Amino acid sequence: MNAVIYICHGSRVATGREQAATFIKKCMNRVKVPIQEYCFLELSSPTIEDAFISCINKGATKIAVIPVLLLTAAHAKKDIPNELDRLSSLYPNVHVKYGSPIGVNPKMVEPLIDRIKEIGEDITENSMVLLVGRGSSDPDVKRDLNNVASLLKEKTDIGKVDTCFLTAATPNLEDALQSASESNFEKIFVIPYLLFTGVLLKHINKVIETHPFSSKFYLCNYLGYHSAIEEILVEKAEMLLMDI
């Protein structure tokens with residue numbers, strides 16, 4: 001019997017965990033599989049092992065695993081596969097098919113545009129956007145976010161789309177804000193490229209609020225669990241199930 005496990009990142013903030021659970025349940029309603037579970041990679045429960053065992057107890061013999069992560073870094077390349085390998089060794093009769101994170105997908109432009117529109121300011125050639133990623137020492141993260149930035153630039157009249165990172169990659173948030181503030185762009189839309197609220201979002205807020213040119217910045221909401229992201233995850237689940 002087939003099953004699907006959706007692995008979210010996890011958060012110390014209860015609201016972040018609740019948002020993830022509510023969103024994944026919406027995805028589950030669209031995927032026609034009798035056994036589906038969600039779990040968290042870290043900081044929250046249920047764990048990957050909890051979800052895996054739950055699927056097996058319900059009769060699963062084949063499990064499709066979807067990492068609910070924006071970009072491909074160590075969590076997707078190492079942490080999750082290592083845990084799945086460990087569990088597979090304990091349950092060798094269960095076939096596991098591992099998917100990929102959301103990555104560079106044209107549909108990701110939709111939530112970005114919506115977050116800008118929520119501000120209520122017109123997008124013009126005198127506007128720029130700064131995408132703020134979580135960051136990683138993995139160069140693929142920087143490359144992929146830059147590619148997402150290029151997709152957004154192609155689909156809008158925005159004068160420029162830059163990227164920066166909160167940790168382990170450059171430019172960092174502070175440097176990117178300073179560079180943007182010194183530019184000739186009249187409106188600078190800052191979009192946290194994050195799925196959920198939490199400590200990182202609070203940090204972005206604090207840095208912008210204390211910046212000497214804070215009046216130039218329009219802080220948009222984080223991505224959240226947008227309908228376009230739902231579409232991407234449902235497609236990924238359905239494709240994995242076809243190959244399992």
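How many of the residues of strand E2 are buried? I began with this strand, bearing in mind that the model I am reading is a predicted one.

**Entry 1: strand E2 and its partner.** I looked up E2, which runs over residues 35-40, and found that 6 of its 6 residues are buried, so that the strand counts as mostly covered under the 20% cut-off for relative accessible area. I then followed the side chains and noted that Ile35, Glu37 and Cys39 point one way from E2, while Gln36, Tyr38 and Phe40 point the other way. Next I turned to strand E1, residues 2-8, which pairs with E2 in the parallel sense over 6 bridges, and within this pairing I found Ile7 opposite Cys39. Tracing the chain from E1 through helix H1, residues 14-28, to E2, I recorded a right-handed β-α-β unit.

**Entry 2: the loop after E2.** I went on to the loop between E2 and helix H2 (48-57), where Pro46 is found, and saw that the peptide bond joining Ser45 and Pro46 is cis, with omega about 5 degrees. Leu43 lies in this loop between E2 and H2 as well, and I noted its phi near 70 degrees, a positive value in a residue other than glycine. I wrote both down because most residues other than glycine have a negative phi, and most peptide bonds are trans. Leu43 counts as partly exposed, because its relative accessibility is 42%.

**Entry 3: the loop between E6 and H6.** I looked next between strand E6 (160-165) and helix H6 (173-181), in the loop that holds Pro171, and found a cis peptide bond from Thr170 to Pro171, with omega near -5 degrees. Ala168, which lies in the loop between E6 and H6, has a positive phi of about 60 degrees although it is not a glycine. Ala168 is exposed, because its relative accessible area is 52%.

**Entry 4: cavity and pockets.** I searched for enclosed space and found 1 cavity of 30 Å³ or more, with about 40 Å³ of space in the largest cavity. Its lining includes Cys8, His9, Gly10 and Ser11, along with Phe196 and Tyr225, and it divides into 6 nonpolar, 4 polar and no charged residues. The largest pocket holds about 410 Å³, and of its 20 lining residues I noted Leu71, Ala73, His75, Arg134 and Gly135 as those nearest its centre. The second largest pocket holds about 220 Å³, and among its 18 lining residues Ser11, Arg134, Phe196, Val199 and Leu200 lie nearest the centre; by class, this second lining has 9 nonpolar, 6 polar and 3 charged residues.

Conventions
Residues are numbered from 1 along each chain as its sequence is written. This is a predicted model: local features need pLDDT of at least 70, side-chain atom pairs count only at pLDDT 80 or more; totals for chains, interfaces and linings use all residues. Side-chain values use heavy atoms; hydrogens and water are left out. Buried means under 20% relative accessible area, exposed over 50%, partly exposed in between (1.4 Å probe, protein chains only). Helices (H or I, at least four residues) and strands (E, at least two) are DSSP runs, numbered from the N terminus. Two strands pair if DSSP finds at least two bridges between them. A crossover is right-handed if, with the strands pointing away from the viewer, the path from the first strand over the helix to the second runs clockwise. On a 1 Å grid over the protein atoms alone, a cavity is a set of points where a 1.4 Å probe fits but cannot get out, and a pocket is an open set with protein on both sides within 12 Å along at least five of seven lines; lining residues have an atom within 4 Å of a point. Grid points are joined across faces, edges and corners, and a volume is the space filled by probe spheres set on the points. Ala, Val, Leu, Ile, Met, Phe, Trp, Tyr, Cys and Pro count as nonpolar, Asp, Glu, Lys and Arg as charged, and the others, Gly among them, as polar.
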